[in-house]
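Student: Could you take me through one part of this model in close detail, and then set it beside the places where the chains meet?

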Amino acid sequence: MTDVPALVDQHCHGVLRTELGIGTFEARLGGAAGPPAPGTTFFDTQKGFAVRRWCPPLLGLEPHCPPARYLARRRELGALEAGRRLLRGSGISVYLVHTGSGGPLTEPSELTEPSELAAAGAAEAREIVPLELLAERAADASGTVAEFLAGLAEAVHTAAASAVAFTSAAAVRQGLALDPRAPGPGTVRGAAGRWLAGRRTGDRLTDPVLIRHVLWIAVATGLPVQLRLDDGDPLPIADFAAATMGLGADLVLLHGYPHHRRAAQLAGAFPHVYADLGHALVHTGARAAAVLAETLELAPFGKLLFSSGARGLPELHVVAARIFREAVARVLGGFVADGAWARADADRVAGMIAAGNARRIYGLGDGPPESAGQG
Amino acid sequence: MTDVPALVDQHCHGVLRTELGIGTFEARLGGAAGPPAPGTTFFDTQKGFAVRRWCPPLLGLEPHCPPARYLARRRELGALEAGRRLLRGSGISVYLVHTGSGGPLTEPSELTEPSELAAAGAAEAREIVPLELLAERAADASGTVAEFLAGLAEAVHTAAASAVAFTSAAAVRQGLALDPRAPGPGTVRGAAGRWLAGRRTGDRLTDPVLIRHVLWIAVATGLPVQLRLDDGDPLPIADFAAATMGLGADLVLLHGYPHHRRAAQLAGAFPHVYADLGHALVHTGARAAAVLAETLELAPFGKLLFSSGARGLPELHVVAARIFREAVARVLGGFVADGAWARADADRVAGMIAAGNARRIYGLGDGPPESAGQG
Amino acid sequence: MTDVPALVDQHCHGVLRTELGIGTFEARLGGAAGPPAPGTTFFDTQKGFAVRRWCPPLLGLEPHCPPARYLARRRELGALEAGRRLLRGSGISVYLVHTGSGGPLTEPSELTEPSELAAAGAAEAREIVPLELLAERAADASGTVAEFLAGLAEAVHTAAASAVAFTSAAAVRQGLALDPRAPGPGTVRGAAGRWLAGRRTGDRLTDPVLIRHVLWIAVATGLPVQLRLDDGDPLPIADFAAATMGLGADLVLLHGYPHHRRAAQLAGAFPHVYADLGHALVHTGARAAAVLAETLELAPFGKLLFSSGARGLPELHVVAARIFREAVARVLGGFVADGAWARADADRVAGMIAAGNARRIYGLGDGPPESAGQG
């Protein structure tokens, strides 16, 4: 078996503090905008089956037990204790936590802060700051365009002093589709004026010029920037990667599936582009090893990073981590069994993609020596 | 082994009534616009090899026998008897048959009607109505724009009373590429006027406005609408899915390969979107289990449906069904062997994607209880 | 085991004549525009691991030995002798060599001519002529538009008399994106005038009109034309394929990954379109069998061709060939083991994709009878 050390989860969210009924749990599991179709349930997905495989044993139940039984046991233990047992069984030693985030389903106060996640999981936690949020908060606090732009620049640089990375959900879809370049000062002032004039407190940032503006400020700090691809083709990323090469900031591509091979190819083509390995694995469950293997085709092994992408349910942190560890062991072990890879190389690559690459890129230090070799 | 019940084939055509020489058989097998390249044959494809694997034993020959020997035996039995033996060996209990369809290679009278297919296969058959055909027939029968539009609306609603679904081959390519919305009455009248003015009897519908118009009439009936993706990216479908969510009609995506993962993803994102599992399997033959497994990554298991997509040759109905059953047993059995799925879940999912989902969506009833468990 | 005969490499380049230090070797291996990211090396890729697997034994070392040890042994033997040992261990009997090519990293004189490659590899070599180069040379030698256009037409027809194919790296990206059709004489003269007016000797051809013009001249010769898809979607190719069907020239799609399934689909849809199987395999290494299997889904088996795509390092010719042979044996052997294919068919298809299809399309003759069956 290939050894897989304790993981760095390079992108996740906090977990819910409240007790969950089966309906709320299912809705969080599905992560869709609406309810399941009549006659179907979000438990009947690879993700649902994966939760049923990996989580019940951590709460003292048999794998694959019915959802209702699992939820009853979860309530019996209480959300806090269940969360502790789950997170401590995940094999994750560092969480990089997307904080203060938005999205239609989220009330930020529902989710644990990084320090709470660290305590519950007996792990370390660091902060990843969503760029759009900084712009929205700057807008909430500003009366004029000049105040907004100064406040935004200051907020990005302040965040850069404590956070380990920035992240943007809107950049690829809305900001970069038409133009990868930094917008000029006049263009930015015009866009800011229009946005502020029509904006009510709490409105989300959707203006493409301002999204690009804050993205380029972030790049200038030198901190890594995580970019969500979602289901769009990563083509606009290639232009942005070409425009930012040599500026010092790394770009980390999240949510590539089903374009994960293309994301991996971009990680091979540009020295400062990295690709995420983990997020797709939670969703693909029993097929995770196959998806992981595809991502391992073109990306240099020093350019790949694990994340859970989990939000709300500690079950998702667990499932991502367990699936990743098993998939790495299976895929890399298969390469060794075929004679294609040397055993020592497989162990080394497992360490790189589980933790080493993330520690290097996010400046996390080497980690406790005893974490190495925990399979 | 995972049990796979008798199948519902949610999209197929009739079969040819005439005897076939090897050249005609090969042309029907290839399904291409032209002859094979010099020095090649359509038998040297995954589809050709799959026909040679599965069909000769149903006619009393050894698997993989040469095509000429197979065709000789087929003629010896006669097209009718060969068709009966093949269809009854397919394991399909319900055919949803695309009727009256066009396309450059088809003369409708060549192909069996649903009732003939049902009789030959000792199965049930129901009708799926192609939307473009309704528009073409309404145009053939109309003198004015008003007559055409009234006749079209009536034809769609009449069809909805007996058919189990509508289908459109042109919607994704020609109708939705630029705009997913229902065109307004004036726009429709203008497009109808231009089309009728330039049209000769028998001309096919290619006008994007009218294609969208009839599509939206179909959606309003509440019947499921099957949409062919062919080889284009399913991106326009996402906008159409967003526009039709909550209106009551399900959308079933056909022919997704090589974008089947994206189609499966859409089935997960929208409650009323479903994805087809079968059509690609005939074409990919020995690789069908791999393609099926990819489709099983992101789609909820309640959102996947089997079809053969077969047309003209009963061999294609057989091959699709046999390949599907074997692939389901192999892929789901593999998940169970890995410990990723419980055996009971695998059997349940097999039943859903083989027949249960289709019975629910198309309102086909529960099927004979004795059909369950036929592996 | 499936027998795989000696290979025809349908697209490769010459090898470097000079001794290589580890840094130069790594840069050639990476093939990227820049250096590896800090903390990473191009040896930590599937391609790097594949070189370490297959090449050391040909130079008398153990597989997977460290790169420094391999490079030391390579220098000890000398570039010429190492190249001979490597190429003769590749199992390639015919090289189709892209000659005189450019690109930012290339100095043509560095790479061996076809005759040198043939001698080093104890193989046959034939020439493939890059279309853009013919245009650039014609421009270098011409004073006027008329001279340029006449010189270009003559150069293409002269090349067609000795070369076995043309190739274009720019056609898909720059020439066909907007229009697949042959540009008219006036359009061509206008584009030529503008290009020549602004051009300095040695400038590369990037004008889309002229790229299409030379492409259509090449098609008119009837020789096969190899088109690089790179990482773009092969969609523009479909329009060009439709426009050139029946004109007598075959189109061979290179570099399809990650769109190799789409390329294979086009090979099935158009009688004169062929798809390359080899290039992606070097880059995907331990995953090559999986990628090969995907390409074998939709393409007719008579439409697939092997190439190494290798350039500069004879290691890449070796790795491509060895990986291909192993992947063919594994994938086709698996189909036979599953009962999906007959053994005799698998052997026949292996011969087709390894050499037979290329021999037929490029008019290479049947090859030595003793080459058949060398597994």
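Tutor: In this predicted model, strand E2 of chain C, residues 92–98, is mostly covered, with 6 of its 7 residues buried. Strand E2 of chain C is paired with strand E1 of chain C, residues 7–12, in the parallel sense and over 4 bridges, and one of the bridge partnerships to follow by eye is that of C:Asp9 with C:Tyr95, the latter lying in E2(C). E2(C) is also joined to strand E3 of chain C, residues 124–130, by 5 bridges, and these two strands likewise run parallel; here C:His98 has C:Ile128, in E3(C), as its bridge partner. When you inspect the side chains, it helps to recall that in a regular strand they alternate between the two faces of the sheet.

From the strands we can turn to the contact between chain C and chain A, which takes 24 residues from chain C and 27 residues from chain A. The two chains bury about 2300 Å² between them, and 53% of that area is on carbon and sulfur atoms. On the side of chain C, the residues that lose the most area to chain A are C:Phe49, C:Tyr257 and C:Arg287, which together account for 24% of what that side buries.

As for the polar part of this interface, the rule finds 5 salt bridges across it, and the side chains of C:Arg52 and A:Asp345 meet in a salt bridge with an N to O distance of 2.8 Å. Between chain C and chain A, 14 residue pairs are counted in polar contact, with both residues at pLDDT 80 or more. Helix H2 (46–54), helix H13 (279–284) and helix H14 (288–295) of chain C each supply at least two residues of the side that touches chain A, and H2(C) gives the most to that side, with 4 residues. Sorted by character, the residues of the side of chain C that touches chain A divide into 9 nonpolar, 8 polar and 7 charged.

A residue of chain B deserves a separate look: B:Arg53 is found in helix H2 of chain B, residues 46–54, and B:Arg53 is buried, with a relative accessible area of 14%. Leaving aside its neighbours within four places in sequence, B:Arg53 is in contact with B:Pro63, B:His64 and B:Glu326 in chain B, and with C:Asp338, C:Gly339 and C:Ala340 in chain C. A polar atom of the side chain of B:Arg53 lies 3.2 Å from the backbone oxygen of C:Asp338.

Methods: Residues are numbered from 1 along each chain as its sequence is written. Chains are lettered from A and ligands numbered from 1 in the order in which they are written. This is a predicted model: local features need pLDDT of at least 70, side-chain atom pairs count only at pLDDT 80 or more; totals for chains, interfaces and linings use all residues. Side-chain values use heavy atoms; hydrogens and water are left out. Contact means heavy atoms within 4.5 Å. Buried area is the accessible area (1.4 Å probe) that two parts lose on being put together, summed over both. A salt bridge is a side-chain nitrogen of Lys or Arg within 4 Å of a carboxyl oxygen of Asp or Glu. A polar contact is a pair of N or O atoms within 3.5 Å; within protein, one must be able to donate a hydrogen and the other to accept it, and residues adjacent in sequence count only if both atoms are side-chain atoms. Ala, Val, Leu, Ile, Met, Phe, Trp, Tyr, Cys and Pro count as nonpolar, Asp, Glu, Lys and Arg as charged, and the others, Gly among them, as polar. Buried means under 20% relative accessible area, exposed over 50%, partly exposed in between (1.4 Å probe, protein chains only). Two strands pair if DSSP finds at least two bridges between them.
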